[in-house]
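Biologist: I should be grateful for a close look at a single part of this molecule, written for a first-year student. Please choose one strand and describe its surroundings in a connected way.

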Amino acid sequence: MIAIIGGSGVYELTEMADNIEKKTVDTEYGSVEISLLSIAGKTVAFLPRHSEGHSYPPHKINFKANIMALKNIGVNQIIATNAVGSLDLDIGPGSIVIPDDFLDFTVNRDRTFYDEEVVHIDMTEPYCVRLSDALLKNSDCITGGLVTGGTMVCTEGPRFETPAEIKMFSIVGGTIVGMTSLPEAVLAREKEMCYASIAIVSNYCTSISPTKLTIDEVMEIMEVKKEELINLLYNTIKDLPDDFDCDCLHALDGASS
Ligand code: HPA
């Protein structure tokens, strides 16, 4: 089954779904509300990352419960949306980036399912290449800039960054900065699920932007991009084959001795 993890500004996708059934999935990490949607004839799980009404800030999201709940209901492919700031003047607000790498600057998150066993999963391809390619192939509906690849910097938040942090993230090779891609992408890999991200640029980062950053500008862009995003998700979901194999589904092979 395919799942969509909706980030800031993506709380309901009722416009693209024929049927909706809500269910609570209990896991050992907590309970998670998931909607089952019918999209292009397929059942798709939808999980608003911050929970409905955007109540959990990024550093309080129960990432382990979210990923475990999706795994438990049979999800093996996750398309996530992430609102991000841009470190690059050529990638302006309204652009969409499909990242192919990340830098993890989070500091206080429950980041692995393997606290008791020695498991080292490979991260040579941090985001699923097959799923990212499917998004790019179906991206004709996107206007205002589409960037293939790029490095997602994930910060702890909830504050925005300082000018010195932004300078450092640029020097070390970051393209965009958000607060929610990690540990989500890693936990999905640990559970052998394909995971790709649609990063929606809502603003230039602090100090690259000439003005002070506000949450309102983040939400405004999300609203503007909503329709394009829905089309991208719909077209990709329709196009994805039911039967497939992928290295992500075998991520634990060779990960422990
Ligand atoms: N920084 C961190 N997270 C974000 C930003 C940003 O500039 N914009 C949207 N999410």
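Modeller: The following account concerns strand 9 and the elements beside it, and then turns to the largest pocket and helix 1. The model is predicted.

Strand 9 comprises residues 151–155. Five of its five residues are buried, so the strand is largely enclosed by the rest of the structure. A residue counts as buried when its relative accessible area is under 20%. Both faces of strand 9 are covered. Thr151, Val153 and Thr155 lie on one side, Met152 and Cys154 lie on the other, and all of them are buried.

Strand 9 has a partner in strand 7, which spans residues 101–105. Five bridges join strand 7 to strand 9, and the two run parallel. Within this pairing, phenylalanine 102 stands opposite methionine 152 of strand 9. Strand 9 is also joined to strand 10, here by three bridges, and this pair is parallel as well. In that pairing methionine 152 stands opposite isoleucine 176 of strand 10. Between strand 9 and strand 10 the chain passes through helix 3, residues 163–171, and this β-α-β crossover is right-handed.

Strand 10 leads on to the largest pocket. Strand 10 (176–178) supplies at least two residues of the lining of this pocket, as do strand 5 (77–86), strand 11 (194–204) and helix 5 (215–239). Strand 5 gives the most, with four residues. The space in the largest pocket is about 340 Å³. The pocket is lined by 23 residues, of which Ser8, Ala83, Phe160, Met179 and Ile215 are the closest to its centre. Sorted by class, the lining has 12 nonpolar, nine polar and two charged residues.

Strand 5 in turn leads to helix 1. The buried residues of helix 1 pack against strand 5, and also against strand 1 (2–6), strand 2 (20–27), strand 3 (30–39), strand 4 (42–48) and helix 4 (184–190). Helix 1 covers residues 63–72 and is mostly covered, with eight of its 10 residues buried. These buried residues are Phe63, Lys64, Ala65, Asn66, Ile67, Met68, Ala69 and Leu70. After helix 1 comes glycine 74, which has a positive phi near 95 degrees.

To return to the part requested, strand 9 is buried on both faces, and runs parallel to strand 7 and to strand 10.

Terms used
Residues are numbered from 1 along each chain as its sequence is written. This is a predicted model: local features need pLDDT of at least 70, side-chain atom pairs count only at pLDDT 80 or more; totals for chains, interfaces and linings use all residues. Side-chain values use heavy atoms; hydrogens and water are left out. On a 1 Å grid over the protein atoms alone, a cavity is a set of points where a 1.4 Å probe fits but cannot get out, and a pocket is an open set with protein on both sides within 12 Å along at least five of seven lines; lining residues have an atom within 4 Å of a point. Grid points are joined across faces, edges and corners, and a volume is the space filled by probe spheres set on the points. Ala, Val, Leu, Ile, Met, Phe, Trp, Tyr, Cys and Pro count as nonpolar, Asp, Glu, Lys and Arg as charged, and the others, Gly among them, as polar. Buried means under 20% relative accessible area, exposed over 50%, partly exposed in between (1.4 Å probe, protein chains only). Contact means heavy atoms within 4.5 Å. Two strands pair if DSSP finds at least two bridges between them. A crossover is right-handed if, with the strands pointing away from the viewer, the path from the first strand over the helix to the second runs clockwise.
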